[in-house]
Number of protein chains: 2
Amino acid sequence: MIKLAVDVMGGDNAPDIVIEGVKLLLEKDSEVEVQLYGDEKYQFEHDRVTFHHCTEMITMDDEPIRSIRRKKDASMVRMAEAVKYNEADACVSAGNTGALMSAGLFIVGRLPGVERPALALTLPTVDDKGFTLLDMGANADAKPEHLEQYAIMGNIYARAIRKIERPTIGLLNIGTEDKKGNALTRETFKMLSERSELNFIGNVESKALLSSVADVVVTDGFTGNMVLKTLEGTANNIFKMLKAELTKNTKNKLAAGILNKDLKGLKNKMDYSEYGGAVLFGIDGIVIKAHGSSDGRAFYNALRQAKEAVKENVVETMRKEVTND
Amino acid sequence: MIKLAVDVMGGDNAPDIVIEGVKLLLEKDSEVEVQLYGDEKYQFEHDRVTFHHCTEMITMDDEPIRSIRRKKDASMVRMAEAVKYNEADACVSAGNTGALMSAGLFIVGRLPGVERPALALTLPTVDDKGFTLLDMGANADAKPEHLEQYAIMGNIYARAIRKIERPTIGLLNIGTEDKKGNALTRETFKMLSERSELNFIGNVESKALLSSVADVVVTDGFTGNMVLKTLEGTANNIFKMLKAELTKNTKNKLAAGILNKDLKGLKNKMDYSEYGGAVLFGIDGIVIKAHGSSDGRAFYNALRQAKEAVKENVVETMRKEVTND
């Protein structure tokens, strides 16, 4: 049995989507046990569920480090403690990202040798292969040696979870030429070029991300977060404008009716909720952040991903490969 | 008469699109004279055109600073010299961006008091208002004082060219809260907050850019270039996928036929070529970069923008307001 600790209270649509995602997992997967942390009024009966009542919760507005330290009985804190004390194999929350990173860092703890943990997200591409982008914002002021470790951790993850034998690693940059970019990317480029164990393919541009330019794309947390929000914002705005065109008169509505299913498929392809949660790399345990506006299905995908990471022993591999470095 | 110097040889589709854009301008605007720089075989007769034969040209692969210094008779170099020696009021090229920035910096020269020039682009938004984003990549390693000057220059430009009385200025960041971001944005936030002459509205997120969140958005050249390429890449990929869905069977093709005009309108809305070129701010003259893959119409829009900048005395205003600072 794989034991997952879950924060019932975190996320814009908690606890409903959390409960929905958990129930879906229990129904589809007989290999997991779930420990729920939150207000007992959301308790439900299931032979593979234990409920742990918590009197506090961390809100989206809470200051990350302070809230983790002060709210000792918050659902997110207790969920992270379950991983720390080996009562659970992994934990999942859709709550405050900063607080969850702090919980990972200060409660679960960093892996020895890891300088800065990174938040990694696997995103869709046009051909459905997807790519893992890190750091998505754990560390806004990164140094070249941090990015080098992100590449090593991303490589391990892509092998273990995405089953890619020799993942291609790209450095996100504003041009593909070797000397392009800022001081950070130029120095990181040199360091990654010297690592023969990585399949480093050089600089990749953000406009090529959706075309499967690399399996793992490495960047600093500021840029990663910026690019993610630009991708999301652009896609949302285009679909909004498309919808306006498709519904603006009867003629268009009729045509849209014919296309409806295919256009929905297209929108789903760009939908990050299908791709699980963000994983905090470099932590001595599995900590997964489900998207704040997750629905039940997205939360279920984040739970599945947590289970997979446990099964594939991702943390142990990272401990070995990062520490031996 | 406003005199524009034009690089006939620069750009992926030069000289055809350059000649096309120039002819369109001459036809529509009787207030301009055009000086063309390039191979004389592209010469054509017009009473408001003078042709200056050049024996060299700068290619997309040329190393910027070196090519500007060595290729003394390159069309881009001679076009910039025309501005320097006051033979032309402004210059426009669709060629090598780095080389054009170097030509602006080393031939036309920096405005006194400007620490780093910045490349500014006005981009479309869903409601057609648009926003001016800078720096788009002139300076990949920016400091807070550079971003502060970008805000001042962007404010002048939005007032003079976009006729916005009191432009809203946003700082591009990974969150809207005051203390969000990296060391650069946190320090810049403080500096901009203290400038009461600017209508600084705080941090803005990239996902809100297309929703007209601010009239001017300030960022470092690495992030600006990254965000632009992400916007373009995402929009292109979505339209590519949309096209695939619309043409995959007869039923869809029929429906697409009905929607054709409206969908084209949508695609045009996201088309940067309609929005003219990028302007190099902080230079002692008007230097405009038309998009490398411009068509004739996009080049025409860049020429119009150059004329407007001359007419509105943008450089003189920047000289006064930046120098008095």
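1. Contact here means heavy atoms within 4.5 Å. With that cut-off, 15 residues of domain 1 of chain A are in contact with 13 residues of domain 2 of chain A. Keep in mind throughout that this is a predicted model.

2. On how chain A is split up: domain 1 comes in two stretches, 1-114 and 282-325, and domain 2 covers 121-272. Going by C-alpha atoms, the centres of these two domains of chain A lie 25 Å apart. Together they bury about 1,200 Å² between them, with carbon and sulfur atoms giving 62% of that area.

3. What holds polar groups together across that domain boundary? I'd look at the 5 residue pairs in polar contact between domain 1 and domain 2 of chain A, both partners at pLDDT 80 or more. There are also 2 salt bridges between these domains. Arg159(A) and Glu321(A) meet in a salt bridge through their side chains, N to O at 2.9 Å.

4. Which pieces of domain 1 of chain A face domain 2? Two helices, α9 (296-311) and α10 (314-323) of chain A, each supply at least two residues to that side. Of the elements there, α10(A) gives the most, with 5 residues. By class, that side of domain 1 has 6 nonpolar, 5 polar and 4 charged residues.

5. Now the chain-to-chain interface. Here 46 residues of chain A touch 46 residues of chain B, and the area buried between the two chains is about 4,400 Å², 71% of it from carbon and sulfur atoms. On the chain A side, the residues that lose the most area to chain B are Ile174(A), Phe222(A) and Met241(A), together 15% of what that side buries.

6. There's polar chemistry between the chains as well. The count between chain A and chain B is 6 salt bridges; Glu205(A) and Lys229(B) meet in a salt bridge through their side chains, N to O at 2.7 Å. The rule also finds 15 residue pairs in polar contact across this interface, both residues at pLDDT 80 or more.

7. If you want to find the chain A side by eye, the elements giving two or more residues to it are β7 (168-173), α6 (183-193), α7 (221-246) and α8 (250-269). α7(A) gives the most, with 18 residues. The side of chain A that touches chain B is made up of 22 nonpolar, 14 polar and 10 charged residues.

8. How do the two chains relate? A turn of 180° with a shift of 0.0 Å along the axis lays chain A on chain B at an RMSD of 0.0 Å, which means the relation is that of a two-fold axis. In chain A, Ala255(A) has the C-alpha nearest the axis, at 2.3 Å. Both copies use the same surface, as 100% of the contact residues of chain A recur in chain B.

9. A couple of cis peptide bonds to check by hand. Leu134(A) and Asp135(A) are joined by one, with omega about 5°; Asp135(A) sits in the loop between β6 (131-134) and α5 (144-160) of chain A. In chain B, the bond from Ala14(B) to Pro15(B) is cis, with omega near 0°, and Pro15(B) is in the loop between β1 (2-7) and α1 (16-28).

10. Lastly, positive phi values in chain B. Asp128(B), not a glycine, has phi near 70° and lies in the loop between β5 (118-123) and β6 (131-134) of chain B. Lys163(B), also not a glycine, has a positive phi of about 55°; its loop runs between α5 (144-160) and β7 (168-173) of chain B.

Definitions and conventions:
Residues are numbered from 1 along each chain as its sequence is written. Chains are lettered from A and ligands numbered from 1 in the order in which they are written. Side-chain values use heavy atoms; hydrogens and water are left out. Buried area is the accessible area (1.4 Å probe) that two parts lose on being put together, summed over both. A salt bridge is a side-chain nitrogen of Lys or Arg within 4 Å of a carboxyl oxygen of Asp or Glu. A polar contact is a pair of N or O atoms within 3.5 Å; within protein, one must be able to donate a hydrogen and the other to accept it, and residues adjacent in sequence count only if both atoms are side-chain atoms. Helices (H or I, at least four residues) and strands (E, at least two) are DSSP runs, numbered from the N terminus. Ala, Val, Leu, Ile, Met, Phe, Trp, Tyr, Cys and Pro count as nonpolar, Asp, Glu, Lys and Arg as charged, and the others, Gly among them, as polar. Copies are superposed by least squares on the C-alpha atoms of residues with pLDDT of at least 70 in both. Domain bounds come from an automatic or database domain assignment.
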